[in-house]
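Biologist: I should like to learn how to read the features of a protein model that holds a ligand. May we work through one example together?

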Amino acid sequence: MIIAVDGPAAAGKGTLTRALAEHYGLPRLDTGVLYRAVAATLLADCLDPADTEVCARVAGTLDLSRFADADLRTSEVSQLASVVSSQPDVRKALLMFQRAFAARPPGAVLDGRDIGTVVCPDADVKLFVTASTEARARRRWLELRQAGTDIDLQSVFENIRDRDERDSSRGTSPMRCADDAHLLDTTEMDIEAAFRAAVSIIDAVWPGTGG
Ligand code: CDP
């Protein structure tokens, strides 16, 4: 079973897909990490993000073990990930890996921006998880503060708003709710409620999988 989860920045896809992967006994791929690692490599090696050939080469030779998760979650890396992810050759270089991951039995839970539309258009279940920009900014701000990052709520809000705008307006694989995706607005939901809502959608579409 392939579960595709897309949605805007800081919508809670990470927490939700971790819980879904455990519940259904499936491996999980956070595809944002791939774009974040491209950005982190460019920064660490002082490479030019405007050089599309260099970016594509970095994407094709990614070494994920170079970075701790916290190094990939900074605002600088988030912004640059969103910039380089608009380059068609970067996306192409990462596509095969994502598809191969999803194709291995028994399937997978993938989260990103274009999973239901481009990476796995035939996914068994598609969710588009969203929440108001204010709610998402507050959640990400709390998360960053808990991790020890000193940042104000307004900066986090602007980072998220800018990325959403760039991610949804790019020419290649823009962030979009697939026509056959189920919309899950978590503005008024806590983690537990969002998880229960996602499970009831998945179990209705794909009966017999529930734990
Ligand atoms: O965790 P958050 O929602 O803030 O971001 P993420 O999922 O880690 O993605 C970081 C950036 O990578 C996004 O802003 C997108 O520009 C890009 N991305 C993408 O273009 N396609 C994907 N499938 C996943 C991420």
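Modeller: The discussion below takes up the ligand site, then the aromatic side chains and the backbone. Please keep in mind that this is a predicted model.

Biologist: Which residues are the closest to the ligand, and how many surround it?

Modeller: A residue counts as near the ligand if one of its heavy atoms lies within 4 Å of it. Here 18 residues surround the ligand, and the closest are R36, R91, R140, R163 and D167.

Biologist: Which helix gives the largest share of that shell?

Modeller: The largest share comes from α2, with 3 residues. Both α2 (32-44) and α9 (153-169) supply at least two residues each.

Biologist: How should I read the polar contacts of the ligand?

Modeller: One looks for pairs of N or O atoms within 3.5 Å. For R140, a polar side-chain atom lies 2.8 Å from an oxygen atom of the ligand. The side chain of R170 also places an N or O atom 2.9 Å from a ligand oxygen. With D114, the ligand atom is a nitrogen, 3.0 Å from an N or O atom of the side chain.

Biologist: What percentage of the ligand's accessible area does the protein cover?

Modeller: On its own the ligand has 530 Å² of accessible area, of which the protein covers 97%. As for its location, the ligand sits in the largest pocket.

Biologist: How many aromatic pairs does a search of the whole structure find?

Modeller: Ring centres must lie within 6.5 Å to pair, and the search finds 0 aromatic pairs. A charge over a ring is another matter: an Arg counts if its CZ is within 6 Å of the ring centre and within 35 degrees of the ring normal. R145 lies over the face of W141, at 4.4 Å from the ring centre.

Biologist: Which backbone angles deserve a look?

Modeller: Omega describes the peptide bond, and about 5° is its value at the cis bond joining P105 and P106. P106 is in the loop between α6 (88-103) and β3 (108-112). Phi is the other angle to read: A10, a residue other than glycine, has a positive value near 60°. A10 belongs to the loop between β1 (2-6) and α1 (13-24).

Terms used
Residues numbered from 1 in each chain as written. Predicted model: local features only at pLDDT ≥ 70, side-chain atom pairs only at ≥ 80, totals over all residues. Heavy atoms only, no water. Phe/Tyr/Trp six-rings, centres within 6.5 Å; stacked < 30°, edge-to-face > 60°. Polar contact = N/O pair within 3.5 Å; in protein donor to acceptor, adjacent residues only side chain to side chain. Areas by Shrake-Rupley, 256 points an atom, 1.4 Å probe, with all protein chains shown as cover. 1 Å grid on protein atoms, 1.4 Å probe; cavity = no way out; pocket = protein on both sides within 12 Å on 5 of 7 lines; lining within 4 Å. Sits in = over half its atoms within 2 Å of the grid points. Helix = DSSP H or I, 4+ residues; strand = E, 2+ residues; numbered from the N terminus.
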